[in-house]
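I opened my notebook beside the viewer and wrote down each thing I looked up. Come along and check the entries against the picture.

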Amino acid sequence: MSEKREVILEAKHVTRRFAASHGRTLLANNDINLKMYKGETLGLVGESGCGKSTLARCIANIYNSTSGEVYYKNRLISGKKPDKKDLALFEKEMQLIFQDSSASLNPRMTVEQIVKEPLVIQKQAKDKARVREMAIMHLKSVGLDEMYLSKYPSEMSGGQRQRVCIARALMLMPSLVVADEPIASLDVSIQAQIIMLFKHLQKEHGFSMLFIAHDLSAVRFVSNRIGVMLKGKLVELAETEELFNNPIHPYTK
């Protein structure tokens, strides 16, 4: 069924090494191949240090893969010399949500400035009234009202800050959202709220999402398919219920 769907992103033989001491290298991602389909949520699980976040950063083009290629809508966006137009399209249509909301929000900016920032960077903020309306709309869509526009990150809880990060990510109406452990630093009760929010927003906006987490129940709830990583390799990838009901790899079991 999935093969008939439109591929929005594809990683081909992605390998990433980091320099270590004494001339050695650390292999973080080892020959990873995967496809993401339009409108789906692909979950990625594995223990700490298995290479999940490194893969997310390679996919988001924050890291250059040591070898291999990443394609977005059949356009090459990785490597040293991707086409500038293809890269500009990717940067506009892909948004990242990180684990630590306090580190990813500028403490000197108000929520209004933070949420508007993607439009400012993309030079789409000329109509100030319209941009403010959009900021309010997206804040409301993540469960925050207009009063939060004047607040600073330090005046909010971790869950509220993460909602601001999500609102900011939605401002450009992305086709792809990469959520790297977005619930790991939150209390359990808040985690459930954020998971439900992701599920609702993905259904409403139709974006594709790479959702990385340790919590198997959370990944099972939001994901259409799940990939399992171990020591830098993608050892299993399957439809969610198939993976839980019929795991094949010993580590998955």
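**Entry: a pair of valines.** I began with valine 45 and looked for its bridge partner in β9, which turned out to be valine 228. This is a predicted model, so I read every entry here as a description of a prediction. The two strands concerned, β3 and β9 (residues 225-230), pair in the parallel sense over 4 bridges.

**Entry: the other neighbour of β3.** I then followed β3 to β8 (residues 208-212) and counted 4 bridges, again with the strands running parallel. Which residue of β8 is the bridge partner of glycine 43? I found phenylalanine 211 there.

**Entry: how covered is β3?** I looked up burial along β3 (residues 41-45) and noted that 5 of its 5 residues are buried. In a regular strand, I reminded myself, side chains alternate between the two faces of the sheet. I therefore sorted the residues of β3 by side: Thr41, Gly43 and Val45 belong to one, Leu42 and Leu44 to the other, and both faces are covered.

**Entry: the largest pocket.** Both valines of my opening entry came up again here, since Val45 and Val228 are among the residues that line the largest pocket. I wrote down the rest of the lining too: Gly46, Glu47, His214, Leu216, Leu243, Phe244, Pro247, Tyr251 and Thr252. How much space lies in this pocket? I noted about 210 Å³. Sorting the lining residues by character gave me 7 nonpolar, 3 polar and 1 charged.

**Entry: helix α1.** Next I went to α1 (residues 52-59), where 7 of the 8 residues are buried. I listed the buried ones as Lys52, Thr54, Leu55, Ala56, Arg57, Cys58 and Ile59. Just after α1 I stopped at asparagine 61, which takes a positive phi of about 70°.

**Entry: an open sheet.** I traced a sheet of 4 strands, open and with antiparallel pairing, in the order β2-β1-β4-β5. Because β2 (25-37) and β5 (75-76) stand at the edges with a single partner strand each, one side of each has no neighbour in the sheet. Inside the order, I looked at β1 (residues 7-19) and β4 (residues 67-72), which run antiparallel and are joined by 5 bridges. I picked threonine 15 as an example and found its bridge partner in β4 to be serine 67.

**Entry: two more positive phi angles.** Between β4 and β5 there is a loop, and I found asparagine 74 in it. Asparagine 74 has a positive phi of about 65° although it is not a glycine. Is asparagine 74 buried or exposed? I noted a relative accessible area of 71%, so asparagine 74 is exposed. Methionine 173 went on the same page of my notebook: it too is not a glycine, yet has a positive phi, of about 50°. I located methionine 173 in the loop between α6 (158-170) and β7 (176-180). With a relative accessible area of 47%, methionine 173 is partly exposed.

**Entry: a glutamate under cover.** I looked up glutamate 93 in helix α2 (residues 84-93). At a relative accessible area of 16%, glutamate 93 counts as buried, because the cut-off is under 20%. What does glutamate 93 touch, leaving aside residues up to four places away in sequence? My list reads Tyr72, Lys73, Pro174, Ser175 and Leu176.

**Entry: an aspartate in a loop.** Aspartate 100 I found in the loop between β6 (94-97) and α3 (101-104). Its relative accessible area of 37% makes aspartate 100 partly exposed. I also checked the spacing to alanine 169: aspartate 100 is 69 residues from it in sequence and 15 Å from it in space, C-alpha to C-alpha.

**Entry: stepping back.** Last, I looked at the whole protein and noted 9 helices and 10 strands. The radius of gyration is 18 Å, close to the 18 Å that the globule rule gives for 253 residues, so the protein is as compact as a globular protein of that length. Its C-alpha atoms fill a box of roughly 50 × 45 × 40 Å along the principal axes. Of the 253 residues, 48% are buried. Looking at contacts with a separation of 6 or more, I noted that 68% are between residues 24 or more positions apart.

How values were computed
Residues are numbered from 1 along each chain as its sequence is written. This is a predicted model: local features need pLDDT of at least 70, side-chain atom pairs count only at pLDDT 80 or more; totals for chains, interfaces and linings use all residues. Side-chain values use heavy atoms; hydrogens and water are left out. Two strands pair if DSSP finds at least two bridges between them. On a 1 Å grid over the protein atoms alone, a cavity is a set of points where a 1.4 Å probe fits but cannot get out, and a pocket is an open set with protein on both sides within 12 Å along at least five of seven lines; lining residues have an atom within 4 Å of a point. Grid points are joined across faces, edges and corners, and a volume is the space filled by probe spheres set on the points. Ala, Val, Leu, Ile, Met, Phe, Trp, Tyr, Cys and Pro count as nonpolar, Asp, Glu, Lys and Arg as charged, and the others, Gly among them, as polar. Buried means under 20% relative accessible area, exposed over 50%, partly exposed in between (1.4 Å probe, protein chains only). Contact means heavy atoms within 4.5 Å. The radius of gyration is taken over C-alpha atoms; the globule rule is 2.2 Å times the number of residues to the power 0.38.
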